Amino acid sequence: MNGMTASAALASGRVRLANVRQISLVTAKMRVLWVLGGFVFMTFVAIIRIGQLGISEVAPERTSMAQALLPSRGEIADRNGLALARAFASYSLWYNPKALGAEGSPLVKTPEEIARALLEIFPDANFADLVKRLKAKNGSYLHRRVLPEEANRVFALGEPALEFPREEQRFYPQGSLAAHVLGYVDQEGKGKVGMESVLEQRLLDPARRGAPTPLAIDARVQGALEDELMHGMLETSAKAAAGLILDVDTGEVIALASLPAFNPNRSDLAFNELVSNRVSTRVFELGSTFKPITIAAAIDAGVITDLAVRYPTAPFKIGGFTIHDSHDFGAFLNVPEALIHSSNVVTAQVADKLGAGALRRTMMQLGMNERPTIELPARGFPLWPRGVNAAGDWSQITTMTVSYGHGIAVTPLHLAAAYAALVNGGIWRPATLYKLDPAHVPAGRRVFKASTSARMRQLLRMIVAGGTGRRANAAGFRVGGKTGSAEKSGGGGYRKTSLIATFAAAFPMDKPRYVVIAMLDEPQATQTTSGQRTAAYNVAPIVKRVVPRIGPMLGVVPDSTRDVDISDISPLVRSGEGE
Amino acid sequence: MITKAQSFRSIGWMALLAVCIALVMVLAFRVNALRSQVKRTEDKIIALRLEQSYLQLEFQTRASQQQLRDWNTLEFGYAAPTAGQYLENERQLAQFARPDAPGAPVPIRVASLDDTVAANAAFPALVSPLTGKPAAAEAPAGEVGEGEAAPRDHGAAKAALGARLARVSALPGADDAAEPAARPAKDKPARALAAAAKPKVLADAKSAGMKPARMATETRSYK
């Protein structure tokens, strides 16, 4: 019994042991299974996630080299490929108050100390403004366009809150050169005023902005023109100056200058009155420079058949207005003499003979009744004389005053296009700022006969060889042209001492290639101009200095052995002078 | 039941698979390494290009028209060249030549057989305005007068000179020197040659005072 009990107890203990072992084994297996299940689940989730990423997620952007080098805004170049406007990644100085975390002061030194140190690096900065920005809670630009050496000096201050983000900006390596042609890009990256505004679409188009856009401008010629205009402007204490060089055969604008100019690199300062250019936006009464146009219209219409015919020069009254000359050139003048001495009286008589309709038609064919044809967004509308009837015909007095450039106000660009037609064989073409290849030169429209143009070349050359334009006679360049000094209107009439002095020229006259227009706004009588205000003394010398500088660059070589043949009309002219 | 050979085979396959996977991985790693190397190089090129354009821009800014003008006014003072400084062609250059002043050293003259210099400097042959053919071929031999500046065909002249010099030593007689023009005219093949060279012969003869012996050698050579 006892033995049985003992054996039973032993058996039950063994069974329990086996049972415990069994249970713990199962528990262990279950745990392993759980862990395994966990791993399988994780793997499964990972695979699913990988698959999801592979299917749905876009690949990290791998920009190609061409894309990385594509400028944010296309380059504008001159006709020889020299960059005039470029995208330029420059450093800016940005103050980041969160650079050292949200807590505590973001600056190591005091704002005043840093502002003083920054003032040493950027002398044009404002101390109070810097301190205000450095104390502010929000980040702001302390300075834009920081040079690398300046950035290094700021870095040496040891302030982590001063950061240098690199930003794409617009840069004009030539400074204010051709500023009116190019315009500028404002802080928001929008092109303003000039070709920056016209070409906006093209400059931002990813497909086209990689290649520079060539303009018709030649930077060297532009530089020479601006230099000489500035020289002339300072010499005569003039208010402003403007100039234009136009290819007579294509209408390409090789240079266009309006002084004083603005600096497109400082777009924050750019929006002021200097932004409007005097060549295409403002209209002026250009005075005697219109006389050759009148004479050409008369020759073309067959009104002047004999250049030797003499006209009386006595002042005459018409419609309560007396037409007179600035000087007395003798009792009678023929047409070449009238041009050489710039006689209003004779030109008015020729215009009267020609008639209002014919003169008006010629002026309209030369585009004088509409805005100048050029790509620039701002183009001035001419002051076109009102007609006496519904058809717009001019009165006799209007015809006469228009014939010598009064009562009609146009831009210098109008005048340049008209002079191009006058000398190039009689074809008027629209002016353009795009570089044209010879295949795409516009056909233009014929305004004068080729024979008239040939005669005008002789007459214009005579004016410079021995008339009012003598001071523009650059040796060897066969310059021809006409002076014009018009009194500015104001105060209910014309002001005697406020002149617009213009010189319209073309060279070389034996085969004209370029028209040069130079204009001074209110030149003063100074010692360098022999105490005179008129174009013969202040603008003509500018042309004389410009032409030898630009001629060789444009392929016109001076040659004193060549000239347009004026032997058939030179005997008609007696010696003398006038304005 | 799996035999021993079968198990070996399956282990072999597994090993092969493992080796293949290892090789593919090595290849993939290398490809990726190369790819990132290319990327790095591209980045470097981009950085260098940007640097280059930055330097170009700096150069253009420092050499801007206004800067050049300032330098010119302050330092150099260059002015635009005048009409007198341009020469259009050799003729204008030749206008600068002056006749020798009295007492000037006599230019050294060197005898030479080389005619290439003269031949190379030859002016283009005159062309008849009527027919468009070279004037030398146009003009009949008899019409070329003594005083006329007949166009010189330098090729022909050179050939004639060579022929002449080759025959100088072989010439025996000077009998037919009296009619220098008549002989070559009869000679058909030498006709063109004669037309080109004859005026020269006559001019030479005149200036040399009609030396019979020289004339003889010259006329003989045309045969």
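**Exercise 1. Domains of chain A**

Task: State which domains the assignment gives for chain A, and describe how they meet.

Solution:
- Start with the bounds. Chain A is assigned domain 1 (69-214) and domain 2 (222-572). The model is a predicted one.
- Next, take the spacing. The centres of domain 1 and domain 2 of chain A, over C-alpha atoms, lie 43 Å apart.
- Then look at the contact. Domain 1 of chain A puts in 22 residues, and domain 2 of chain A puts in 20 residues.
- Now find the elements on the domain 1 side. Those giving two or more residues are α6 (179-182), β6 (184-185) and α7 (195-198) of chain A. The most come from α6(A), with four residues.
- Finish with the classes. This side of domain 1 of chain A holds 13 nonpolar, seven polar and two charged residues.

**Exercise 2. The nonpolar cores**

Task: Find which residues touch the most other members of the largest nonpolar core, and where its residues come from.

Solution:
- The largest nonpolar core has 136 residues. A:L246, A:A416 and A:V543 touch the most other members.
- Helix α16 (residues 412-423) of chain A gives the most to this core, with 10 residues.
- Both domains take part. Domain 1 (69-214) and domain 2 (222-572) of chain A each supply at least three residues to this core.
- A further core, of 13 residues, lies apart from it. Its members include A:Y95, A:L118, A:V154 and A:L162.
- Now zoom in on A:V543. Neighbours within four places in sequence are left aside. The contacts of A:V543 are then A:A472, A:V479, A:G481, A:F503, A:A505, A:V516 and A:A518.

**Exercise 3. A helix pair**

Task: Describe how α11 and α17 of chain A pack.

Solution:
- Two values describe a packed pair: the angle between the axes and the distance between them.
- Helix α11 (residues 291-300) and helix α17 (residues 450-466) of chain A pack at about 140 degrees. Their axes are 10 Å apart.
- The crossing of α11(A) with α17(A) is right-handed.
- List the residues that meet. α11(A) brings A:P292, A:I295, A:A296, A:I299 and A:D300. α17(A) brings A:T452, A:R455, A:M456, A:L459 and A:L460.
- Sort them by class. The contact of α11(A) with α17(A) has seven nonpolar residues, one polar and two charged.

**Exercise 4. Chain B and its side of the interface**

Task: Outline the elements of chain B, then say which of them give two or more residues to the side that touches chain A.

Solution:
- Chain B has nine helices and zero strands.
- Of its 223 residues, 9% count as buried.
- Among contacts in chain B with a separation of 6 or more, 70% join residues 24 or more positions apart.
- The contact between the chains takes 18 residues from chain B and 25 residues from chain A.
- On the chain B side, α1 (4-62) and α2 (65-76) of chain B give two or more residues. α1(B) gives the most, with eight residues.
- By class, this side of chain B has eight nonpolar, six polar and four charged residues.

**Exercise 5. One residue, B:Y86**

Task: Place B:Y86 in its chain. Why does B:Y86 count as partly exposed?

Solution:
- B:Y86 sits in the loop between α2 and α3 (90-94) of chain B.
- Count its neighbours. B:Y86 has 14 C-beta neighbours inside 10 Å, so B:Y86 counts as partly exposed.
- List its contacts, not counting residues up to four places away in sequence. B:Y86 touches A:V557, A:P558, A:D559 and B:P81.
- Compare a position along the chain. B:V24 is 62 residues from B:Y86 in sequence, and their C-alpha atoms are separated by 74 Å.

Terms used:
Residues numbered from 1 in each chain as written. Chains lettered and ligands numbered in written order. Predicted model: local features only at pLDDT ≥ 70, side-chain atom pairs only at ≥ 80, totals over all residues. Core = buried A, V, L, I, M, F, W, Y, C linked by C-beta atoms within 7 Å. Buried ≥ 20, exposed ≤ 12 C-beta atoms within 10 Å, placed from the backbone. Domains from an automatic or database assignment. Contact = placed C-beta atoms within 7 Å. Axes fitted to C-alpha atoms, helices over the stretch in contact; angles between N-to-C directions. Left-handed = near helix turned anticlockwise from the far one by under 90°. Nonpolar A, V, L, I, M, F, W, Y, C, P; charged D, E, K, R; others polar.
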